[in-house]
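Got your viewer open? Load the model below and keep the selection box handy.

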Amino acid sequence: MANQTINRSGRSHNYTLPAPTGGLNVRDGLDTMSETDAIVMDNYYPSETKVCLRGGYRAYALNDDKVKVETLIEFRHADGDRLFACGNGKIWDVSTPADIREVSSDHQYNNWQYVQFKDRILACNGYDKPLSWQKDEEGEWVWKEAEFTGSGLDPQKLINVAMSKQRLFFVEHNSLKCWYSESVGEVQGTLMELDFSALVTRGGWPQGWASGCLQAVAGWTQDGGQGIDDLTLFITSEGEVLVYAGSDPSNADDWSLKGKYYVSRPIGYRCTFQYRGDVVMISEDGYVPLSQVMPLAQGGTAGLAYSDKIRGLVLERVRDNKTLPGWQGIIYPRGGYALFNVPVRKQFEQHVINLSSGAWCRFTNILSLCWGLLSGRLYFGSETGVYLFDEGYSDNGLHILGNIHQAYSDFGCGNLKKVQMINPRTKSSTRFALNIYVNTDFDDSEQGYQENIGNTGLTKWAGGGVSTKWSSLGMPKGTKWATLKGAVYNRWICCSASGFKCSVVFKTKTRGNLIEWHNTGIRYEQGGGIL
């Protein structure tokens, strides 16, 4: 009987899976999200064409004294930019690590809100008298008590401050009152009272803080500059936003209520920041640009929070941690992203958005109480001093744990398939161990991290005093991987995973590595007879 020829051609297929540049997705179902999204994306940042391991951090100031730094204050000036750290009832000038100076002391509270206006910093916290960073009579820069008076004013109750239409606006703690500078451009002198208790409907003092009080004031420039069309927003703790046009609250002809709108409740006193003329608010419903939720002609009629794609994660964190201090948003132009600091019990995490693409990720293991900028560099305060972020590729000497679970993909074929080989195309500054594997059909199996090759003394196979090959370890975890320094590493490795849809899991545990993941080559068989 003649031997039958078996035709195996066409059974093996190649597919190039892009890196998950769409970022973290906690909104869509596992079966419907794009293959360029990620179910988990920790400590990897999605750029437009690749994903990159985040930068690390190092000790910067006050670390030996282990000062709990709860506020960082940036001051920009032609005489030189400065950074101030507030903690333990004191304020330090930490602009130069070699010259750390205590510049103010004997404060009751360390969570300061501040604004820079007219070559000064005005800061308040609701417990201490407001402070001003300014030049004294001798021309020396000093912190001193701000010189504000007003009928019925208790300066120690001022807890938040903003600038709008060239006036200072202060929020009074646990009330619906706001105090504003009597004259345009004034940085001291008389403050006038605005009382919103007759205008708000979602509760009000004295029923209690949770029943409604003024929480923040923001100037909405709309066009990114300052002009006659600028508006002033007054935001209550219950999510009522009063929008005023004009520049003089004492003049009915130059001050009018344009509308009252209801949004989600803001979180904390650092709940707003400016971005491209808009006001972004940290709220119970996510990170919301107010122009998209207030139906003004200039701002459109409707829209979504910036955080819509990670809404499930934000809602979970808000539910359990909204009363904790530490919520803050900050723009980091050098990195091209906005960072939202999120307090979690006994730890913190950061939700990070690529400002160009809108892709999200999460940073972990950064115990940050507050964030600030100095000359474009990003810093954070912690329980043990001030740290410089995005510096090097270790967390003050500790590992950075990278973890990506890419969204499930059918690799262009809806049939049952067996993944035979994968080729993660990566680039790094030095060799590293990569734990990479494939989950199928919505399995969420986890495998452990691996150390840097250099830090463990291991090489690709035997060597360095190690006689056991990685391939013969008793309990191997994933695939151990080493790239060529400075080049995209392109090599196929064996894999065995069967299913209809597959998720690539990419995990690293590194110190001193700049890692980029560009895409993954997939080789699989499809059809019957696989299992």
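What follows is a walk from a sheet to some charged pairs and then to two single residues.

Before you click, note that this is a predicted model, where local features need pLDDT of at least 70 and side-chain atom pairs count only at pLDDT 80 or more, while totals for chains, interfaces and linings use all residues. Residues are numbered from 1 along each chain as its sequence is written, and side-chain values use heavy atoms, with hydrogens and water left out.

**Stop 1: a four-stranded sheet**

Select residues 57-61 and 370-374, which are β6 and β31, then add β32 (377-382) and β33 (385-389). Strands here are DSSP runs of E at least two residues long, numbered from the N terminus. Together the four make an open, antiparallel sheet in the order β6-β33-β32-β31. Two strands count as paired if DSSP finds at least two bridges between them; β32 and β33 have four. In general, strands of a sheet pair through backbone hydrogen bonds.

Which strands stand at the edges? They are β6 and β31: each has a single partner strand, so one side of each is left without a neighbour in the sheet. From one strand to the next, the twist averages 35° (axes are lines fitted to C-alpha atoms, and angles run from 0 to 180 degrees between N-to-C directions). Now zoom in on Tyr379, and you'll find Leu388 of β33 standing opposite.

**Stop 2: charged pairs**

Side chains of opposite charge can pair when their charged atoms come close. A salt bridge here means a side-chain nitrogen of Lys or Arg within 4 Å of a carboxyl oxygen of Asp or Glu, and by that rule the count is 27.

Select Arg54 and Asp395, whose closest N and O atoms are 2.7 Å apart in a salt bridge. Arg54 sits in the loop between β5 and β6, and Asp395 in the loop between β33 and β34, so the pair ties together parts that are 341 residues apart in sequence. Buried means under 20% relative accessible area, exposed means over 50%, and partly exposed is in between (1.4 Å probe, protein chains only). Arg54 is buried at 3%, and so is Asp395 at 2%.

Next, pick Glu240 and Lys260, joined by a salt bridge at 3.9 Å, N to O. Glu240 belongs to β22 and Lys260 to β23, so this pair links parts 20 residues apart in sequence. Glu240 is buried at 1%, whereas Lys260 is partly exposed at 30%.

For a bigger selection, try Asp42, Glu316, Arg317, Glu349 and Arg362, which are linked in a network of salt bridges.

**Stop 3: Arg425**

Jump to Arg425 in strand β35 (417-428). What is the nearest side chain of opposite charge? It's Glu35, 12 Å away, and Arg425 is buried yet has no salt bridge. (Lys and Arg count as positive, Asp and Glu as negative; His and the chain ends are not counted.) Show what Arg425 touches beyond four places in sequence, including Trp492, Trp517 and His518; contact means heavy atoms within 4.5 Å.

**Stop 4: His13**

Finally, select His13 in strand β1 (12-18). His13 is partly exposed, at 23% relative accessible area. Beyond four places in sequence, the contacts of His13 are Ile522, Arg523, Tyr524 and Gln526. The side chains of His13 and Gln526 also make a polar contact at 3.0 Å (a pair of N or O atoms within 3.5 Å; within protein, one must be able to donate a hydrogen and the other to accept it, and residues adjacent in sequence count only if both atoms are side-chain atoms). Add Phe411 too: His13 and Phe411 are 398 residues apart in sequence and 9.4 Å apart in space, C-alpha to C-alpha.
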